[in-house]
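Dear colleague,

I am handing over the structure we spoke about, and I would be grateful if you could look through it alongside the notes that follow.

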Amino acid sequence: FALMLTEKEVRLFEGEWDQLEEMKDNNFPLEYTEEYSYNPPSRSAVNSGHSHVKSVEKDRSTMETIRVKDFFEHADELLNNYLVADTPLVLLGTEKELARYENITAHKKHIVNTIKGSYDYSSLSQLAEKCWPLMHDYLQNKQVQLIKEFEEKIGEHLGISGIQQVWQAAKAGVAFKLLVEKDYKSPGFTDTDTNQLYLRPPEKHHRILADAVDDVIELVLEKNGQVHFVDNDMLKDYQRIALITRY
């Protein structure tokens, strides 16, 4: 997701690769509609003059800071409906707005980068051009980290690879983190007795799977596991698909 911050409006965008779409639902865009008003004291000492004006300005500034803080806190609370697990978030806004938001947010672990500036009038394609390079770098780094984590788990007997082994683990409900190359596909066959996966048709009665990889992904998600896609050839040493098991 990408979150655009201004003192009058907070907009949320959902990203898929290098494309962005603005969220338009019951939560976002979130507009601040209550007009700020400040009523200074009706009386002031005759000779207070300049000091009284400075006091009013100070109070106005304090109220404005509180108003923006409350507004950003409300927007941050609404993000609970979108930011699940490790969902990454990019922030857009002026340096002042970013600082205010980062000071109050409960979603710091989701923020992968910030873009400083005013982008109120930018098109979706212009915003995507700003956000995608940051997301691409984040995803590349995350892929490398995941593969490193998998390789470390092999030594702990918690890392397996190959579609058939991964299938069995997913069926057993021990799948924790599935890593799969984004374009990897593999037809498969399962016998009706043991539900074992074959890559060639067995002689016994069997069921045909158009893509066993899709079935594995569904199995992992159904049992509350994680699915992570990596670039092609990043898992070439592990038959294109790898799994970190729970135990």
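Arg200 sits in the loop that runs between strand E10 (197–198) and strand E11 (206–209), and I should say at once that the model is a predicted one. Arg200 counts as exposed because its relative accessibility is 67%, where exposed means over 50%. Although Arg200 and Gly188 are 12 residues apart in sequence, their C-alpha atoms are 6.9 Å apart in space.

Gly188 leads on to the sheet, since it belongs to strand E9, which spans residues 188–191. Three strands make up this open sheet, in the order E10-E9-E11 and with antiparallel pairing, and E10 and E11 are the edge strands, each of them pairing on one side only. In general, the strands of a sheet pair through backbone hydrogen bonds, in either a parallel or an antiparallel manner.

On the E10 side, two bridges join E9 to its antiparallel neighbour: Thr190 stands opposite Leu197, while Phe189 has Tyr198 as its bridge partner. These two strands, E9 and E10, form a hairpin with five residues between them, and in the turn Asn195 has a positive phi of about 60°. On the E11 side, four bridges join E9 to its antiparallel neighbour, and there the bridge partner of Gly188 is Leu209.

Which residues of E9 lie on each side, and are they buried or exposed? Gly188 and Thr190 are on one side and Phe189 and Asp191 on the other, and all of them are buried, so that both faces of E9 are covered. This arrangement can be read against the general pattern that side chains in a regular strand alternate between the two faces of the sheet.

Turning to the nonpolar cores, the largest has 22 residues, of which Leu3, Val10, Phe28, Leu79 and Tyr101 touch the most other members. The elements that contribute two or more residues to this core are strand E1 (2–5), strand E2 (9–16), helix H1 (49–78), strand E5 (89–93) and helix H2 (95–104), and H1 supplies the largest share, namely five residues. If residues up to four places away in sequence are left out of the count, Phe28 touches Leu3, Val10, Leu12, Met23, Ala75, Leu78, Leu79 and Tyr82. Another core, of 20 residues, lies apart from this one, and among its members are Trp167, Leu178, Val216 and Leu243.

With best regards

How values were computed: Residues numbered from 1 in each chain as written. Predicted model: local features only at pLDDT ≥ 70, side-chain atom pairs only at ≥ 80, totals over all residues. Heavy atoms only, no water. Buried < 20%, exposed > 50% of the residue type's maximum accessible area, 1.4 Å probe, protein only. Pairing = 2+ DSSP bridges. Core = buried A, V, L, I, M, F, W, Y, C linked by side-chain atoms within 4.5 Å. Contact = heavy atoms within 4.5 Å.
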